[in-house]
Amino acid sequence: MSVQHEAPAEGAEEALEVWIDQDLCTGDGICAQYAPEVFELDIDGLAYVKSADDELLQEVGATTPVPLPLLQDVVDSAKECPGDCIHVRRVRDRVEVYGPDAE
């Protein structure tokens with residue numbers, strides 16, 4: 001009998017990026033708890049993505065690559081976010097694979 005694991009979204013082996021819609025962010029910080037290497041709460045109480053160099057990216061719609069080892073943490077962040085504001089999409093065609101607009 002094989003153990004069933006949640007399958008990664010189609011294209012999970014492809015380059016993915018994540019962004020946060022701050023207009024919907026509730027500031028709960030769940031994302032920063034799941035993936036502190038990718039998300040951080042700023043002084044304004046909202047979550048933002050961070051660059052690979054750990055720089056907070058505060059521009060509207062700023063994206064950052066999703067490191068493969070952190071994919072599940074980022075996906076869990078998107079699923080658990082009470083504001084439904086975390087969007088994970090494929091880089092090549094910008095199709096959302098996790099988050100409120102996932103196909």
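Two strands count as paired if DSSP finds at least two bridges between them. Strands (E, at least two residues) and helices (H or I, at least four) are DSSP runs, numbered from the N terminus.

This is a predicted model, where local features need pLDDT of at least 70, side-chain atom pairs count only at pLDDT 80 or more, and totals for chains, interfaces and linings use all residues. Residues are numbered from 1 along each chain as its sequence is written, and side-chain values use heavy atoms, with hydrogens and water left out.

**Exercise 1. Walk along the chain and list its elements.**

Step 1: Count them up. The protein chain has 2 helices and 7 strands.

Step 2: Put them in order. Starting at the N terminus, you meet β-α-β-β-β-β-α-β-β.

**Exercise 2. Trace the two hairpins that involve β3.**

Step 1: Start with β2 (residues 39-41) and β3 (residues 47-50). These strands run antiparallel and are joined by 3 bridges. Look across from Glu-40 and you'll find Tyr-48 in β3.

Step 2: Check the turn. There are 5 residues between β2 and β3 in this hairpin, and Gly-45 in the turn has a positive phi of about 85 degrees.

Step 3: Carry on to β4 (residues 56-57). It runs antiparallel to β3, with 2 bridges joining the two. Here Val-49 faces Leu-57 in β4.

Step 4: Check this turn too. The β3 and β4 hairpin has 5 residues between its strands, and Asp-54 in the turn has a positive phi of about 70 degrees.

**Exercise 3. Lay out the sheet of 4 strands and find what packs on it.**

Step 1: Read the order. The open sheet goes β5-β1-β6-β7, with antiparallel pairing. Its edge strands are β5 (64-65) and β7 (96-98), each of which pairs on one side only.

Step 2: Zoom in on β6 (residues 86-90) and β7. Their antiparallel pairing has 2 bridges, and Val-88 has Tyr-98 in β7 as its bridge partner.

Step 3: Add the helix. Helix α2 (residues 71-80) packs on the sheet and touches β1 (16-20), β6 and β7. Touching is a matter of contact, meaning heavy atoms within 4.5 Å. The direction of α2 makes about 135 degrees with that of β6; axes are lines fitted to C-alpha atoms, for helices over the stretch in contact, and angles run from 0 to 180 degrees between N-to-C directions.

**Exercise 4. How much of the protein chain counts as buried?**

Step 1: Set the cut-off. Buried means under 20% relative accessible area (1.4 Å probe, protein chains only), exposed over 50%, and partly exposed in between.

Step 2: Apply it. Of the 103 residues in the protein chain, 42% are buried.
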